[in-house]
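This report describes the fold of one protein chain, going from its overall make-up to its strands, its cores and two residues of interest. The sequence and the model are shown first.

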Amino acid sequence: MERRALTAGDMVDSQCTRCKALLNHTIVAMVGTQVVRVKCNTCGSEHNHRPAKEPKAATVKGAKAVKEAKTPRTRAAKAPAVSDEAIWEAMIEPLDPDLAVPYSMDGKFKPNTLIAHPVFGTGVVAACQSGKVEVVFKSGRKLLRSAC
């Protein structure tokens, strides 16, 4: 039995992006003999054609090959990473927590000043950029809006 060439308006199986299933679709657009765009007959969504995935061929499991012993590679010595919490503790130690300025998006802040943020808690200003300020909190570094 001969199979006729597909044309716009024909039915084809395609993976629906909305239904998340392989369903019948109507061909909307083609480029040459390739189906490009389809419309789902179930939900009506129009999307690019995603053909059915071909099942992977089963591989025959044989005897495991003996692996060759590898020589150990020399690694570059890395310095242990310092956590943000340790950096925060070191920065906040010389400062008085009672002098923390409440954070405001319209506020101007200088480096090494304490900020009291309503969500992140007490932090230390690390750097000021145009319109932004980098603050080190116990939970990590945050880039906040400011009038710097």
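## Terms and overall make-up

Helices and strands are taken as DSSP runs, of at least four residues for a helix (H or I) and at least two for a strand (E), and are numbered from the N terminus. The model is predicted.

By that assignment the chain has one helix and nine strands. Read from the N terminus, the order of elements is β-β-β-β-α-β-β-β-β-β. The chain has 148 residues, of which 21% are buried. Its exposed surface comes to about 11,800 Å², with 54% supplied by carbon and sulfur atoms. Of the contacts with a separation of 6 or more, 27% are between residues 24 or more positions apart.

## The N-terminal strands

Strand S1 covers residues 11-15 and strand S2 residues 22-31; the two are antiparallel and paired over five bridges. One of the pairings sets Met-11 against Thr-26 in S2. S1 and S2 make a hairpin with six residues between the strands, and in its turn Lys-20 has a positive phi of about 60°.

S2 also pairs with strand S3, residues 34-40, through six bridges in the antiparallel sense. Here Ile-27 has Val-38 of S3 as its bridge partner. The hairpin of S2 and S3 has two residues between the strands, and Gly-32 takes a positive phi near 65° there.

## Asn-48 and His-49

Asn-48 belongs to strand S4, which spans residues 46-48. Its relative accessibility is 41%, so the residue counts as partly exposed. Leaving aside residues up to four places away in sequence, Asn-48 touches Val-36, Arg-37 and Val-38. With Arg-37 there is a polar contact between side chains, at 2.9 Å. The C-alpha atom of Asn-48 is 8.7 Å from that of Val-35, a residue 13 positions away along the chain.

His-49 sits in the loop between S4 and H1. Is His-49 buried or exposed? His-49 is buried, because its relative accessible area is 17% and the cut-off for buried is under 20%. Not counting residues up to four places away in sequence, its contacts are Val-12, Asp-13, Ser-14, Val-35, Val-36, Arg-37 and Val-38. The side chain of His-49 also makes a polar contact of 3.2 Å with the side chain of Ser-14.

## The five-stranded sheet and its helix

Five strands form an open sheet in the order S5-S6-S7-S8-S9, and the pairing is mixed. At the edges are strand S5 (101-102) and strand S9 (140-145), each paired on one side only. Helix H1, residues 84-92, packs on this sheet and touches S6, strand S7 (121-129), S8 and S9. The direction of H1 makes about 90° with that of S7.

S5 and strand S6 (residues 114-117) run parallel and are joined by two bridges. Within this pair, Pro-102 stands opposite Ala-116 in S6. At the other edge, S8 and S9 run antiparallel and are joined by six bridges. Val-135 has Lys-142 in S9 as its bridge partner. The hairpin between S8 and S9 passes through two residues.

## Nonpolar cores

Which residues make up the largest nonpolar core? There are eight: Tyr-103, Phe-109, Ile-115, Val-125, Val-133, Val-135, Phe-137 and Leu-144. Strand S8, residues 132-137, gives the most to this core, with three residues. Another core lies apart from it and has six residues, including Trp-88, Leu-114, Val-124 and Val-136. In a regular strand the side chains alternate between the two faces of the sheet.

Ile-115, a member of the largest core, touches several other members of that core: Tyr-103, Phe-109, Val-125 and Val-135 are among its contacts. Ile-115 also touches Ala-100, Val-101, Gly-121, Thr-122 and Gly-123, with residues up to four places away in sequence not counted.

Methods:
Residues are numbered from 1 along each chain as its sequence is written. This is a predicted model: local features need pLDDT of at least 70, side-chain atom pairs count only at pLDDT 80 or more; totals for chains, interfaces and linings use all residues. Side-chain values use heavy atoms; hydrogens and water are left out. A nonpolar core is a set of buried Ala, Val, Leu, Ile, Met, Phe, Trp, Tyr and Cys residues joined through side-chain atoms within 4.5 Å. Buried means under 20% relative accessible area, exposed over 50%, partly exposed in between (1.4 Å probe, protein chains only). Contact means heavy atoms within 4.5 Å. Two strands pair if DSSP finds at least two bridges between them. Axes are lines fitted to C-alpha atoms, for helices over the stretch in contact, and angles run from 0 to 180 degrees between N-to-C directions. A polar contact is a pair of N or O atoms within 3.5 Å; within protein, one must be able to donate a hydrogen and the other to accept it, and residues adjacent in sequence count only if both atoms are side-chain atoms. Accessible areas come from the Shrake-Rupley method with a 1.4 Å probe; for residues, only the protein chains shown count as cover.
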